[in-house]
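Visitor: Could you walk me through this structure? I am new to this, so please take it slowly.

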Amino acid sequence: MTGHKDGEAHLQVSRYSGSARINHWVVAISFVLLMISGLALFHPSLYWMTGLFGGGPTARWIHPWLGIVLLIGFLGLFVRFFVANLPERTDWVWLARLRHVLAGREEYLPEVGKYNAGQKFVFWAQAFLVLVMFVTGIGLWPAGLAYFEQLLGFKATIDQRRLAAVIHAGAAVLTIAIWIIHVYAAIWVRGTISAMTRGTVTGGWAWRHHRKWLRKEIGKEPGGPHPAE
Amino acid sequence: MSQLQPAFGLAKRSATTGFVPAAKAETPVAKMIDVSKCIGCKACQVACMEWNDLRQDIEENVGVYENPHDLTPNAWTLMRFSEWENPERGQLEWLIRKDGCMHCQDPGCLKACPAPGAIVQYTNGIVDFISANCIGCGYCVKGCPFNIPRISTADNKAYKCTLCSDRVAVGQGPACAKACPTKAITFGTKDDMKKLAAERVADLKDRGYSKAGLYDPPGVQGTHVMYVLHHLDKAPLYAGLPQNPRISPLVELWKGAGKYAGLALLGITAAFGVVHHLLAGANRVTEEDEENAEKLRGGGT
């Protein structure tokens, strides 16, 4: 919905439906739990974090199941948002002017649709890494591997399982680094978090960061404000 | 269950940053298995079951001598039978190797293990799994160059030969060595075992096995279970014993440089965020932006 909320002076634009937000938080929560339980086994100095799950064995068995939750959750996000994340010509202009992006000089940037090139990068990179982590994660999960080996009729060699461990750890580091950028960007660009809590952003936020999207949203309305999704 | 033997000091402890080895080092011990003397009676397997109180499920006979079919969480040692036609001597050789943990001086399982204290190496060289600390992740399986550890589906813990560390702690040799009727298995200090092996190798060479030798692979800095082989140059003949075992470079990468590079990248990314926010400040929506949005709605452009 667009319109004024009680007592608030600014135009509110709807950015995410309730189900999109629930979907996002399922992924967000499972991601954080996966990160904690995974990092705990990544470096001994972080092993104490297994205590948050009730000990090492619990952290070990719960991690792959959380991975399944995240995989399904991310699939939902992918289906919802992949069209809006398809690359377009202005993305390259935006990327070429990354200097202005980091300096917060929006006036030097092209008008952006629902997602800018940085957000699209996060989307596609995480989609790819989730897939990589799922496949390699199976190789690290004794019970899961046995299931898939029987299901698909193959037998993973020990070197394949070792390679899976290396790739899984490497992909995990990249996915966490991208997650840090994602969370930081949401904090740095003030007014963003409400999109994922209440589902709305102010008109000014949309004008400043996603003007093309705002024009489209307002254009949709036959002579007035109209829901975005 | 496999428990820590407090009688021995620790040389290595898994996943323990800042670990300090025991000041007093014990004399390194070793089990020497003379494959040329083995008659395949499996007394060692029985002794191992008895002492460690292990009972492997009864299986189907599938027409091979191995019983059970493989090492399992309940079978920590296994006689593996290989037949080989020796082209030089024109005879069939029955190569029987008692498989089990080699107790590497540089244990890949310990390197791969993420659980503090789940795998230890005593100063006498014995590598022990400490069940109370094991989380059942199976990383030791990936770290091992000899395919030894097995994860129990009953309690999700890893198991393997302890070199009877509980017997050694009270001055006894391993159960398998005690039971072996031909003295193919002997136990003592590593130096003594090497001397004994040298005598056996000389004897085998006298008898025409020119490539006989002691299997104490340098790729893992030597092992505390060694084999006297008639064909040291053809180790894989002995049921796939690796010729030059070493910890996989993939495991070294994963547990070595990879760990530090990974943490560094995460630290740098987080630091970038902090520094960027300090320098650039928050990206705030201005009142002008809000007014422009209002105008856009009002004007319909």
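Guide: Let us start with the labels: helices are DSSP runs of H or I with at least four residues, strands are DSSP runs of E with at least two, and both are numbered from the N terminus. Please also keep in mind that this is a predicted model.

Visitor: Okay, then where does B:Asp53 sit?

Guide: B:Asp53 is found in the loop of chain B that runs between α1 and β3. Although B:Asp53 is not a glycine, its phi is positive, at about 55°.

Visitor: And which loop is B:Pro68 in?

Guide: B:Pro68 also belongs to chain B, in the loop between α1 (43-52) and β3 (78-86). The peptide bond that leads from B:Asn67 into B:Pro68 is cis, and its omega is near 0°.

Visitor: Switching to chain A, how many helices and strands are there?

Guide: Chain A has 10 helices and three strands. Read from the N terminus, the order of its elements is β-β-α-α-α-α-α-α-α-α-β-α-α. The C-alpha trace of chain A spans about 65 × 40 × 35 Å along its principal axes.

Visitor: How many residues does each chain put into the contact?

Guide: On one side 52 residues of chain A take part, and on the other 51 residues of chain B. The size of an interface is often given as the accessible area lost when the parts come together. Here the area buried between chain A and chain B is about 4,500 Å², with carbon and sulfur atoms giving 67% of that area.

Visitor: What does the rule find there in the way of polar contact?

Guide: Across the interface of chain A and chain B there are 19 residue pairs in polar contact, counting pairs with both residues at pLDDT 80 or more. On the side of chain A that touches chain B, the elements giving two or more residues are β1 (3-4), α1 (18-42), α2 (56-81), α5 (117-140), α7 (158-188), α9 (203-209) and α10 (211-220). Of these, α7(A) gives the most, with 16 residues. Sorted by class, this side of chain A holds 31 nonpolar, 12 polar and nine charged residues.

Visitor: And how many salt bridges cross that interface?

Guide: The rule finds one salt bridge between chain A and chain B. It joins the side chains of A:Arg208 and B:Asp289, with 3.2 Å from N to O.

Visitor: What about the whole structure, how many salt bridges are there over all chains?

Guide: The search finds 21 salt bridges over all chains. One of them pairs A:Glu88 with A:Lys120, whose closest N and O atoms are 3.0 Å apart. A:Glu88 lies in the loop between α2 and α3 (89-96) of chain A while A:Lys120 lies in helix α5, so this pair ties together parts that are 32 residues apart in sequence.

Visitor: New topic: how much space is in the largest cavity?

Guide: The largest cavity holds about 770 Å³ of space. Its lining is made of 35 residues, and nearest its centre are A:Leu34, A:Gly38, A:His63, A:Gly137 and A:His168. The elements that give two or more residues to this lining are α1, α2, α5 and α7 of chain A. By class, the lining of the largest cavity has 27 nonpolar, seven polar and one charged residues.

Visitor: And what volume does the second largest pocket have?

Guide: The volume of the second largest pocket is about 970 Å³. There are 36 residues lining this pocket, and those closest to its centre are A:Pro142, A:Arg161, B:Val141, B:Arg150 and B:Ile151. Two or more residues of this lining come from each of α2, α6 (142-152) and α7 of chain A and from β7 (150-151) of chain B. The largest share of the lining, five residues, belongs to α6(A).

Visitor: How do the residues of that pocket's lining divide?

Guide: The lining of the second largest pocket has 18 nonpolar, 10 polar and eight charged residues.

Conventions
Residues numbered from 1 in each chain as written. Chains lettered and ligands numbered in written order. Predicted model: local features only at pLDDT ≥ 70, side-chain atom pairs only at ≥ 80, totals over all residues. Heavy atoms only, no water. Contact = heavy atoms within 4.5 Å. Buried area = accessible area lost by both parts, 1.4 Å probe. Salt bridge = Lys/Arg side-chain N within 4 Å of Asp/Glu carboxyl O. Polar contact = N/O pair within 3.5 Å; in protein donor to acceptor, adjacent residues only side chain to side chain. Nonpolar A, V, L, I, M, F, W, Y, C, P; charged D, E, K, R; others polar. 1 Å grid on protein atoms, 1.4 Å probe; cavity = no way out; pocket = protein on both sides within 12 Å on 5 of 7 lines; lining within 4 Å. Points joined across faces, edges and corners; volume = space filled by probe spheres on them.
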